[in-house]
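Student: I should like to work through this protein chain step by step. May we begin once it is displayed?

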Amino acid sequence: MAEMNEIPKPSGPVWQGQLDLGDRWALWRGDIGDGVLHRHFAAQAIVSDSPVRVFDEHGRYVEAEYVLIDPLTLHKVMPGRKAKLI
């Protein structure tokens, strides 16, 4: 019989909010938790009342209230409060 292991809880900020999914679109509204370097096929827009920091694969970053990320671009979004990711 396989042993069940408990999944560790994240130690840093967590994602809290609402995710809406549609045909070929997704919208996240809420707090941004710990992120990892990743990419996806879709372009991504981030809209926030306060600056959000986004790193690229070379460690360069942009910090702004509005950020547009091109498709297939490696990026990491840093934790933040009250943002929309489209």
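Student: What percentage of the 86 residues in the protein chain is buried?

Tutor: A residue is buried under 20% relative accessible area, exposed over 50% and partly exposed in between, using a 1.4 Å probe and protein chains only. By that rule, the buried share of the 86 residues in the protein chain is 26%.

Student: How was the model obtained, and what is the average pLDDT of the protein chain?

Tutor: This is a predicted model, in which local features need pLDDT of at least 70, side-chain atom pairs count only at pLDDT 80 or more, and totals for chains, interfaces and linings use all residues. Residues are numbered from 1 along each chain as its sequence is written, and side-chain values use heavy atoms, without hydrogens and water. The predictor's confidence in each residue, from 0 to 100, is called pLDDT. In the protein chain, 92% of the residues score at least 70, and the average is 90.

Student: Which pattern does the protein chain follow along the sequence?

Tutor: Helices (H or I, at least four residues) and strands (E, at least two) are DSSP runs, numbered from the N terminus. The protein chain has six strands and zero helices. Read in order, the pattern is β-β-β-β-β-β.

Student: Why does Arg 24 count as exposed?

Tutor: Arg 24 sits in the loop between β1 (16-22) and β2 (25-32). Arg 24 counts as exposed because its relative accessibility is 81%.

Student: Which strand has the highest mean pLDDT?

Tutor: Among the elements of the protein chain, strand β6 (residues 80-85) has the lowest mean, 91. The highest, 97, belongs to strand β4 (residues 61-69).
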